[in-house]
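Please look over the sequence and the fold before reading on. The report below takes up a few local features in turn, beginning with the cysteines.

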Amino acid sequence: IATDRCITTDGLRQEHPKWRRLKDGRLVFGAGNTWMAAWLTERLDLGKLFEDWPAHQRKEEETALLIIADQVTGEVFELGTEPVLTRILTPYCWGAGAHIARGALCMGADACQAVEAACRHCRYCGFGADVFSLIP
């Protein structure tokens, strides 16, 4: 699994990691609203993710998407606008450069190469890739 390091706030591109390791060892990746992703990740780490689900998480312009990956089991889950974890079973792409990364994957790229392609061709992606293995 791979992610770029670009966040955009108030129209400014900034280098910032989009992932965090939880206390239980799982990796969490954020897409969409940066601050909402950070808040949801903190709630997940505290074991309180589904308590008081924020109404504004359901609004398209304010929502965040979390990708939760377990490096021990190789399982990957997506959390979007509703308090439901959806298991991801096939290669998938998220975020602003998803269409570019998906095209690169279809042409035989690995996850890192797909993110690098998005960094080259999407103005909201950049600053390199962070790559993690999910093979137990």
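## Cysteines without a bond

The sulfur of Cys119 has its closest cysteine sulfur in Cys125, at 5.8 Å, and this is too far for a bond. A disulfide would need the two sulfur atoms to lie within 2.5 Å. Because this is a predicted model, the distance should be read as a property of the prediction.

Cys106 tells a similar story, since its closest cysteine sulfur belongs to Cys93 and is 8.1 Å away, again too far for a bond. Cys106 is also exposed, with a relative accessible area of 65%. For the structure as a whole, the number of disulfides is 0.

## Helix H2 and its two sides

Cys106 is also part of helix H2, which spans residues 98-106. Which residues of this helix are buried? They are Ala98, Ile100, Ala101 and Ala104, and because they cover an arc of only 165° around the axis, they are found on the same side of H2. His99 and Cys106, by contrast, are exposed on the other side of the helix.

The buried residues of H2 pack against helix H3, which runs over residues 111-121. Just after H2 comes Gly108, whose phi is positive, at about 105°.

## Two antiparallel pairs of strands

Strands S2 and S3 pair in the antiparallel sense over 4 bridges, and in this pairing Cys6 stands opposite Glu15 in S3. The hairpin that they form has 2 residues between the strands, and Asp10 takes a positive phi near 50° there.

Strand S7, at residues 76-79, and strand S8, at residues 85-88, also pair in the antiparallel sense, over 4 bridges. Here the bridge partner of Leu79 is Leu85 in S8, and the hairpin that joins S7 to S8 passes through 5 residues.

## Positive phi outside glycine

Asp10 deserves a second look, as its phi of about 50° is positive although the residue is not a glycine. Asp10 lies in the loop between S2 and strand S3, the latter covering residues 12-15, and it counts as exposed at 80% relative accessibility.

Phe127 is another residue other than glycine with a positive phi, in this case near 65°. Its place is in the loop between H3 and strand S9, which covers residues 129-131. Is Phe127 buried, partly exposed or exposed? At 35% relative accessibility, Phe127 counts as partly exposed.

## Glu62 and Thr63 in one loop

Glu62 is found in the loop between helix H1, residues 34-45, and strand S6, residues 64-69, and Thr63 likewise has its place in the loop between H1 and S6. With a relative accessible area of 29%, Glu62 is partly exposed, whereas Thr63 counts as buried at 17% relative accessibility. The boundary that matters here is 20%, because a residue is called buried when its relative accessible area is under that value.

Leaving aside neighbours within four places in sequence, Glu62 is in contact with Asn33, Met36, His56 and Gln57. When residues up to four places away in sequence are not counted, Thr63 touches Gly32, Asn33, His56, Gln57 and Thr81.

Separations along the chain and in space can also be set side by side for these residues. Glu62 and Thr9 are 53 residues apart along the chain, with their C-alpha atoms separated by 12 Å. Thr63 and Arg123 are 60 residues apart along the chain, and the separation of their C-alpha atoms is 20 Å.

## The largest pocket

Rolling a probe the size of a water molecule over the atoms shows where empty space is left. The largest pocket has a volume of about 1200 Å³. How many residues line the largest pocket, and which of them lie nearest its centre? The lining is made up of 50 residues, and those nearest the centre are Thr3, Phe29, Gly30, Ala31 and Trp94.

Several elements give two or more residues to this lining. The strands among them are S1 (2-4), S2 (6-9), S4 (19-21), S5 (27-32) and S8, while the helices are H1, H2 and H3. The lining of the pocket therefore brings back elements from the earlier sections, including S2 and S8, as well as the helix H2, whose buried residues pack against H3.

Definitions and conventions:
Residues numbered from 1 in each chain as written. Predicted model: local features only at pLDDT ≥ 70, side-chain atom pairs only at ≥ 80, totals over all residues. Heavy atoms only, no water. Pairing = 2+ DSSP bridges. Buried < 20%, exposed > 50% of the residue type's maximum accessible area, 1.4 Å probe, protein only. Arc of directions from axis to C-beta. Contact = heavy atoms within 4.5 Å. 1 Å grid on protein atoms, 1.4 Å probe; cavity = no way out; pocket = protein on both sides within 12 Å on 5 of 7 lines; lining within 4 Å. Points joined across faces, edges and corners; volume = space filled by probe spheres on them.
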